[in-house]
Amino acid sequence: MTSRYPDDVPRLTDGTVTLRAMTEADLPASVEQSVDPETVRWTTVPSPYDIEDAREFFGVIRAGWEDDGEKTFVIEVTGDPGPIAFAGLIDVRPSQRGSSWEVGFATHPAARGRGVMTAALRLAVAWAFEQGAPSVYWYAGVGNWASRRVAWKTGMTFHGTLPRFVKGRDGAEDAWVASLLPGQPMEPQTPWHVAPVIEGERVRLRPWRDDDGAALLPRNDPPHWLGDDDGAPSMTSADFPVWLERRRSTVAAGVAVDWCIADRETDQALGDLDVFVRGGTLDGSDVAEIGYQLTPSARGRGMASEAARLAVAHALRPAAEGGLGVRRLVAETAADNEASNAVLRRAGFVEYGREHAVDALPDGTYGDALYWELVDGS
Ligand SMILES: CC(C)(COP(=O)(O)OP(=O)(O)OC[C@H]1O[C@@H](n2cnc3c(N)ncnc32)[C@H](O)[C@@H]1OP(=O)(O)O)[C@@H](O)C(=O)NCCC(=O)NCCS
């Protein structure tokens with residue numbers, strides 16, 4: 001599939017976002033994009049990068065269209081909050097394996113967060129399918145959440161993590177992979193509930209931030225209280241990046257809403273609270289489970305009770321009013337975890353069952369588990 005450049009490069013538009021051929025006039029803005037720290041972090045753009053690098057890359061783009069290589073488009077955008085002539089780059093290419101196609105993209109920093117890449121990806125993928133692509137694959141370095149959200153918004157199916165698969169600055173890095181097939185709707189296929197900020201008297205429920213880990217102390221409670229697998233990362237400063245990555249992954253899969261319980265006064269992280277399902281996704285169920293934990297220094301001050309009450313109210317609120325539309329909430333505790341049982345009682349849960357001899361205790365005996373429920377309106 002070869003073309004004359006730029007005459008044969010198609011102009012693809014949805015009325016706001018347009019994909020078009022690159023010109024000399026785009027080079028200064030492409031340099032701005034290429035030196036931006038996020039672009040440097042998540043792509044293999046040469047660093048440092050100047051106008052001569054941009055000119056050389058322009059030659060590569062032209063060659064890609066003229067021979068059988070990558071098909072790279074400049075993204076142009078109109079509409080609110082104003083037009084941007086160079087809003088980024090997107091390319092589609094038959095993969096080296098000869099079957100699936102791959103997509104790569106970067107948005108100019110001035111154009112981020114307004115849906116540009118989501119729209120550009122829909123246009124580029126639809127065009128690739130018209131050219132006969134049997135599938136389009138997206139790969140991103142693990143942790144590139146903005147890119148993952150774009151893939152999700154475009155309806156891509158997430159397949160997991162490929163160990164040491166993409167080229168990074170320091171060698172091969174683990175990669176996320178997702179794909180789209182012709183005919184698949186280009187809209188999200190599963191929920192992804194970004195935790196809303198909810199203010200109480202003394203706590204604030206909010207999304208976790210990358211720098212929250214410093215406030216999290218080592219755990220001092222018995223392992224059976226949380227039921228963690230041996231070796232699973234815990235909510236401590238030492239494990240924080242890995243622990244947070246796992247939490248965010250369950251959220252991105254539509255399985256949980258996960259909040260950082262923060263001190264309303266200082267915004268310091270105190271603990272974690274999630275509303276989750278054990279099978280399917282949150283939008284496919286009107287029953288959900290609640291779980292929580294505080295870092296040791298935050299315990300004994302009623303913070304978990306207040307956080308649980310706020311989360312319960314959000315979970316039971318109808319989806320049309322911004323809640324989760326849950327009808328019945330459940331929870332599970334170790335029978336000897338008196339503080340956690342008190343949190344549930346205060347939040348309106350009722351004990352409905354006891355399972356005997358569930359948790360192996362350090363003294364060689366077995367502890368019971370309690371089951372709790374809260375049914376909307378009862
Ligand atoms: C990834 C990138 C292309 C996204 O471009 P964009 O034009 O801002 O994308 P969109 O506005 O269409 O969508 C971005 C979404 O990610 C979300 N997002 C941004 N940062 C996020 C983060 N750290 N965690 C979770 N979501 C995040 C945005 O809120 C938005 O979602 P929303 O519309 O539901 O609110 C841009 O950030 C970029 O150029 N990054 C550097 C280069 C890069 O990573 N390229 C991809 C390599 S695989």
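The following paragraphs describe the overall organisation, the two sheets, one helix and the ligand surroundings of a predicted model.

The chain contains eight helices and 16 strands. Its C-alpha trace extends over about 75 × 40 × 40 Å along the principal axes. Two domains are assigned, with domain 1 covering residues 12–180 and domain 2 covering residues 198–375. The C-alpha centres of domain 1 and domain 2 are separated by 38 Å. Of the 378 residues in the chain, 32% are buried. Among contacts with a separation of 6 or more, 58% link residues that are 24 or more positions apart.

Pro-6 is found in the segment that precedes strand S1. This residue is classed as partly exposed because 14 C-beta neighbours lie inside 10 Å. Between Pro-6 and Leu-27 the C-alpha to C-alpha distance is 15 Å, with a sequence separation of 21 residues.

One open sheet is built from eight strands in the order S1-S2-S3-S4-S5-S6-S8-S7, and its pairing is mixed. Strand S1 (12–13) and strand S7 (157–168) occupy the edges; each has a single partner strand, so one side of each lacks a neighbour in the sheet. In general, the strands of a sheet pair through backbone hydrogen bonds, in either a parallel or an antiparallel arrangement.

Several antiparallel pairs can be followed through this sheet. Strand S3 (residues 71–77) and strand S4 (residues 84–94) are antiparallel and share six bridges. At one position of this pairing, Lys-71 has Val-92 in S4 as its bridge partner, and at another Val-77 stands opposite Ile-84 in S4. S3 and S4 form a hairpin with six residues between the strands, in which Gly-79 adopts a positive phi near 85°. Strand S4 is also joined to S5, again in the antiparallel sense, by seven bridges. Within that pairing, Gly-88 is matched with Thr-107 of S5. The hairpin of S4 and S5 likewise has six residues between its strands, and Gly-98 in the turn has a positive phi of about 90°. Towards the S7 edge of the sheet, S7 and strand S8 (residues 171–180) run antiparallel and are joined by eight bridges. Thr-157 has Ser-179 in S8 as its bridge partner. The hairpin formed by S7 and S8 has two residues between the strands.

A further open sheet also comprises eight strands, in the order S9-S10-S11-S12-S13-S14-S16-S15, with mixed pairing. Its edge strands are strand S9 (198–199) and strand S15 (350–360), each of which pairs on one side only. Strand S9 runs antiparallel to strand S10 (residues 203–206), to which it is joined by two bridges. In this pairing, Glu-199 has Arg-204 of S10 as its bridge partner.

Helix H4 comprises 15 residues and reaches 21 Å from its first C-alpha to its last, close to the 21 Å expected at 1.5 Å a residue. Buried residues in H4 include Val-116, Met-117, Ala-119, Ala-120 and Leu-121, and also Leu-123, Ala-124, Val-125 and Ala-128. Gly-132, which follows H4, has a positive phi near 105°.

The ligand is surrounded by 22 residues, of which the closest are Trp-42, Arg-112, Thr-118, Trp-145 and Arg-149. The shell consists of ten nonpolar, eight polar and four charged residues. At least two shell residues are supplied by each of four elements, namely helix H2 (37–42), strand S5 (101–107), helix H4 (116–130) and helix H5 (145–153). The largest share comes from H5, which contributes five residues. Strand S5, which supplies part of the shell, is thus described here in two settings: around the ligand and in its antiparallel pairing with S4. Helix H4 likewise combines a contribution to the shell with a set of buried residues that includes Val-116 and Ala-128.

Conventions
Residues numbered from 1 in each chain as written. Predicted model: local features only at pLDDT ≥ 70, side-chain atom pairs only at ≥ 80, totals over all residues. Near = placed C-beta within 6 Å. Nonpolar A, V, L, I, M, F, W, Y, C, P; charged D, E, K, R; others polar. Domains from an automatic or database assignment. Pairing = 2+ DSSP bridges. Expected span 1.5 Å × (residues − 1). Buried ≥ 20, exposed ≤ 12 C-beta atoms within 10 Å, placed from the backbone. Contact = placed C-beta atoms within 7 Å.
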